[in-house]
Amino acid sequence: MDDLDPRPDGVPQWPATWIRALLPSAVLACLELTALHGYGIAQALHARGFGTPKGGSLYPVLARLEDTGAITAEWVPGPSGPARRQYTLTAAGRTRLVRDRTSLTLLGHALGTSAEGIGSVPEIEGAAPRPTPEGGPNDT
């Protein structure tokens with residue numbers, strides 16, 4: 001997503017609460033095409049408009065994603081120094097990324113301003129069923 005233009009001063013494009021909430025999904029998106037080490041992930045997040053996270057924010061997210069099986073990590077030799085951990089997206093991580101993107105797309109539609117868009121969120125394959133004001137499918 002090179003079309004996102006991060007602010008040159010390194011400040012994130014979005015409110016901090018959004019970034020905290022979406023950081024796991026953003027990390028998965030950064031790992032979608034290639035394995036990266038922590039510094040590479042931080043650079044990729046910056047390029048996507050998330051600012052440059054500090055290690056105290058990034059590494060706990062990486063640990064949680066690894067614990068849930070969304071990513072794997074392995075030590076790889078550094079080109080000119082010590083080995084470093086390289087993170088790779090797993091099949092479970094790809095599934096989670098698709099689910100997260102779908103949910104965010106639905107949220108975007110729900111926040112739409114067009115008269116046609118209000119109350120008419122499109123069906124997206126793989127999305128969880130949406131509750132209705134009348135109740136869910138199991139309510140009788």
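Contact here means heavy atoms within 4.5 Å. By that criterion, A35 touches Q86, Y87 and T88, with residues up to four places away in sequence not counted. The model is a predicted one.

The protein chain has four helices and three strands. Along the sequence, these elements follow the pattern α-β-α-α-β-β-α. The chain holds 140 residues, and 31% of them count as buried. Its exposed surface is about 9,300 Å². Carbon and sulfur atoms supply 58% of that area. Contacts between residues at least 6 apart in sequence were also examined. Of these, 47% join residues at least 24 apart.

The largest nonpolar core contains 23 residues. Within this core, V27, L31, I41, L45 and I71 touch the most other members. Four elements, α1, α2 (38-47), α3 and β3 (84-89), each supply at least two of the core residues. The greatest contribution comes from α1, which gives seven residues. The contacts of I71 were then listed without its neighbours within four places in sequence. On this basis, I71 is in contact with L28, L31, L62, L65, E66, Y87, T88, L89 and T90. One of these partners, L31, is also among the core members that touch the most others.

The second largest pocket encloses about 260 Å³ of space. Two elements give two or more residues to its lining, namely α1 (16-30) and α3 (55-67). The lining comprises 19 residues in total. Lying nearest the pocket centre are A16, I19, R20, L23 and S57. By class, 11 of the lining residues are nonpolar, five are polar and three are charged. Both α1 and α3 thus appear in two settings: each supplies at least two residues to the largest nonpolar core, and each gives two or more to the lining of this pocket.

Three individual positions were considered next. A35 is found in the loop between α1 and β1 (36-37). Its relative accessible area is 25%. Buried requires a value under 20% and exposed one over 50%, so A35 is classed as partly exposed. A35 lies 38 residues from A73 in sequence, and their C-alpha atoms are 9.2 Å apart in space. Two residues touched by A35, Y87 and T88, are also in contact with I71.

W75 is found in strand β2 (residues 71-76). The relative accessible area of W75 is 56%. This value is over the 50% cut-off, so W75 counts as exposed. Leaving aside its neighbours within four places in sequence, W75 is in contact with A83, R84 and R85. Q86 is 11 residues away from W75 along the chain. The C-alpha atoms of W75 and Q86 are separated by 6.2 Å. Q86 is also one of the residues touched by A35.

K54 is found in the loop between α2 and α3. With a relative accessible area of 64%, K54 is over the 50% cut-off and is therefore exposed. K54 and Y39 are 15 residues apart along the chain. A distance of 9.9 Å separates their C-alpha atoms.

Note on methods
Residues numbered from 1 in each chain as written. Predicted model: local features only at pLDDT ≥ 70, side-chain atom pairs only at ≥ 80, totals over all residues. Heavy atoms only, no water. Buried < 20%, exposed > 50% of the residue type's maximum accessible area, 1.4 Å probe, protein only. Areas by Shrake-Rupley, 256 points an atom, 1.4 Å probe, with all protein chains shown as cover. 1 Å grid on protein atoms, 1.4 Å probe; cavity = no way out; pocket = protein on both sides within 12 Å on 5 of 7 lines; lining within 4 Å. Points joined across faces, edges and corners; volume = space filled by probe spheres on them. Nonpolar A, V, L, I, M, F, W, Y, C, P; charged D, E, K, R; others polar. Core = buried A, V, L, I, M, F, W, Y, C linked by side-chain atoms within 4.5 Å.
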